[in-house]
Amino acid sequence: LTTFDVGATRLTARGLAHICRMRQLESLDLWATAIRIEDLQQLTALERLQYLSLGNVDGSDTDGLRVEGDPSHDADAVVDLLLRMASLERVWLDGVTLSPEHKQMLESRLDSLQV
């Protein structure tokens, strides 16, 4: 298994821990899950991960990773996490608001960034 799509599910931090045992993963969709930024630190164990989808529906505060308006989920932490993932090439951030500086940092490092 190299691609895993669990977007729009009730994935928990515990479930993410199990997913992160799949070291061969190259593509992971976590869109519209209740995963928090501190839970996402586990993703750094996925040394082959090339594609990652994060976020939620239009910045909703009910589902998914929230950045805007929530001090526990700030864009600095999201960008820092993504930049530490050496194999990452493509990222889709839906409903995640990035500053122009954050966007520039990610675009200079990644092959593809969709926000």
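**A tour from helix α3 outward**

Select helix α3, residues 75–84, where A75, V78, V79, L81 and L82 are buried (under 20% relative accessible area, with exposed meaning over 50% and partly exposed in between, for a 1.4 Å probe and protein chains only). Looking down the axis of α3, one finds its buried residues within an arc of 160°, so they line one face of the helix; the arc is taken from the directions from the helix axis to the C-beta atoms. An α-helix has 3.6 residues a turn, so residues three or four places apart point the same way.

The model is a predicted one, in which local features need pLDDT of at least 70 and side-chain atom pairs count only at pLDDT 80 or more, while totals for chains, interfaces and linings use all residues. Residues are numbered from 1 along each chain as its sequence is written, and side-chain values use heavy atoms, with hydrogens and water left out. Helices (H or I, at least four residues) and strands (E, at least two) are DSSP runs numbered from the N terminus.

Next, display the cover of α3. Its buried residues are covered by elements including α2 (37–40), β3 (51–55), β4 (90–94) and α4 (100–109).

Add α4 to the selection. The axes of α3 and α4 come within 10 Å and cross at roughly 10° (lines fitted to C-alpha atoms, for helices over the stretch in contact, with angles from 0 to 180 degrees between N-to-C directions). The two helices, α3 and α4, are therefore roughly parallel to each other, the term for angles under 35 degrees. From α3, A75, D76, V79, L82 and L83 make the contact, and from α4, H102, M105, L106 and R109; contact means heavy atoms within 4.5 Å.

Move to β4 and show its side chains. They alternate: V91 and L93 point to one face and are buried, whereas R90, W92 and D94 point to the other and are not. β4 pairs with β3 in the parallel sense over five bridges (strands pair if DSSP finds at least two bridges between them), and D94 is the bridge partner of G55. Three bridges also join β4 to the parallel strand β5, residues 112–114, where S112 is the bridge partner of R90.

Finally, select two alanines in loops. A8, between β1 (3–5) and α1 (13–19), has a positive phi of about 60° and counts as exposed at 52% relative accessibility. A32, between β2 (27–29) and α2, has a positive phi of about 55° but counts as buried at 10% relative accessibility. Most residues other than glycine have a negative phi.

Methods: Parallel < 35°, antiparallel > 145°, perpendicular 65-115°, else oblique.
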